[in-house]
Amino acid sequence: MVFGCAVALVVAACGAAQVTPSPPQHVTASGGPTLTGKAVSITSFRGHPVVLIFWASWCGPCHDEQPALNTAYATWRSRGVAFLGIDIRDTTTPAIAFQSEFKVPYPSIADVNATLAVDYRIPSAPALVFLNTQGKVADVVLGALGTMSTADFNAEISNLLGSAKTGSA
């Protein structure tokens, strides 16, 4: 299984649009250290919708979409939506430079070996994973904002917030 996922990670092209796999119902990935060394637990966001942003400094489409992700963060954080970057298969210096250049407002976990990417079935950056308030995967978008309109992104978050009000998943 791990070998198959590793092959998928190697074969997948950065930013290539792909068919979204069926999201797992619940992922037990716990988190990891941020690029600055602070520990972050994904489970600490329970009770809030979460957008996981899989990115890398070497990923061209990640550069292109970061300003829109910063805007989305500014739009949704006051509504209780958490954003967490997952920097995959990267090294610290260029990753921190990316965050500085693009003024990324949310923390990012350093996923050097793509462990979280494999857990969430992400073959390559960019990608988005939407978690509901119970920490279950609500949707996976491979290709991230390159394959998802702003309206669809906002609708996804609105649905998660609506689910939080009604208690449905």
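**Pro105 and the surroundings of strand β6**

Leaving aside residues up to four places away in sequence, Pro105 touches Asn70 and Tyr73 in this predicted model. Pro105 sits in the loop between α3 (92-101) and β5 (108-111). Thr71 lies 34 residues from Pro105 along the chain, and the C-alpha atoms of the two are 9.7 Å apart. Even with these contacts, Pro105 isn't shut away: its relative accessible area is 35%, so it counts as partly exposed, a class that runs from 20% to 50%.

Strand β6 (residues 127-131) is another story. Five of its five residues are buried, so the strand is largely enclosed by the rest of the structure. Side chains in a regular strand alternate between the two faces of the sheet. In β6, Ala127, Val129 and Leu131 point one way, while Leu128 and Phe130 point the other way. Both sets are buried.

Next come the pairing partners of β6. With strand β3 (residues 50-55), β6 pairs in the antiparallel sense, and five bridges hold the match. Here Leu52 stands opposite Val129, one of the buried residues of β6. Strand β7 (residues 137-142) also runs antiparallel to β6, again joined to it by five bridges. Within this pairing, Leu131 has Val137 of β7 as its bridge partner; Leu131 points the same way from β6 as Ala127 and Val129.

As for the connection, β6 and β7 make up a hairpin, with five residues between the two strands. Gly135 falls in that turn and has a positive phi of about 85 degrees.

Conventions:
Residues numbered from 1 in each chain as written. Predicted model: local features only at pLDDT ≥ 70, side-chain atom pairs only at ≥ 80, totals over all residues. Heavy atoms only, no water. Helix = DSSP H or I, 4+ residues; strand = E, 2+ residues; numbered from the N terminus. Buried < 20%, exposed > 50% of the residue type's maximum accessible area, 1.4 Å probe, protein only. Contact = heavy atoms within 4.5 Å. Pairing = 2+ DSSP bridges.
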